[in-house]
Amino acid sequence: QEQLVESGGGLVQAGGSLRLSCVASGRIFSSYVMGWFRQAPGKEREFVASIGRYGGYTIADSVKGRFTISRDNAKNTMYLQMNSLKSEDTAVYYCAADRSIGTIRNAEFWGQGTQITVSS
């Protein structure tokens with residue numbers, strides 16, 4: 001069974017940094033578009049960033065200039081580097097994988113989620 005496993009969440013002060021990782025099986029990682037989403041309490045799931053097989057990426061306006069998405073194909077791992085964190089970044093962050101960037105919001109595979117809490 002294909003899996004996505006996130007790690008790197010935790011509690012951080014406002015202005016701090018965290019890096020999330022998402023490890024995927026080789027079958028997924030080599031063929032799929034990867035993405036990050038987040039969901040804050042009482043809010044809908046929100047797109048954060050996505051990255052294609054060859055490194056092309058999209059970043060949501062709400063985090064542009066603060067978050068960076070990248071992937072290491074040799075390690076089947078995607079990263080989300082989060083800098084200058086704000087309290088409004090507090091959410092559960094999910095890793096996702098889908099065959100197409102056009103359908104990543106309804107991705108075929110999802111991770112279990114990792115909590116990020118930013119204290120002010």
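**A salt-bridge network around R38 and D89**

A search of the whole structure, which is a predicted model, finds five salt bridges. Side chains of opposite charge can pair when their charged atoms come close, and the pairs described below can be followed from one partner to the next.

A convenient place to begin is R38, which forms a salt bridge with E46 in which the closest N and O atoms are 2.8 Å apart. The two partners differ in their exposure: R38 has a relative accessible area of 6% and is therefore buried, since buried means under 20%, whereas E46, at 30% relative accessibility, counts as partly exposed.

R38 also pairs with D89, and here the closest N and O atoms are 2.9 Å apart. This contact links distant parts of the chain, because R38 belongs to strand β4 (residues 33-39) while D89 sits in the loop between β8 (77-82) and β9 (91-98), the two being 51 residues apart. Both D89 and R38 are buried.

From D89 the path continues to R66, as the side chains of R66 and D89 meet in a salt bridge with an N to O distance of 2.7 Å. R66 lies in the loop between β6 (57-59) and β7 (67-72), and D89 in the loop between β8 and β9, so this pair ties together parts that are 23 residues apart in sequence. R66 is buried, as is D89.

Taken together, salt bridges that share partners join R38, E46, R66 and D89 into one network.

Technical notes
Residues are numbered from 1 along each chain as its sequence is written. This is a predicted model: local features need pLDDT of at least 70, side-chain atom pairs count only at pLDDT 80 or more; totals for chains, interfaces and linings use all residues. Side-chain values use heavy atoms; hydrogens and water are left out. A salt bridge is a side-chain nitrogen of Lys or Arg within 4 Å of a carboxyl oxygen of Asp or Glu. Buried means under 20% relative accessible area, exposed over 50%, partly exposed in between (1.4 Å probe, protein chains only). Helices (H or I, at least four residues) and strands (E, at least two) are DSSP runs, numbered from the N terminus.
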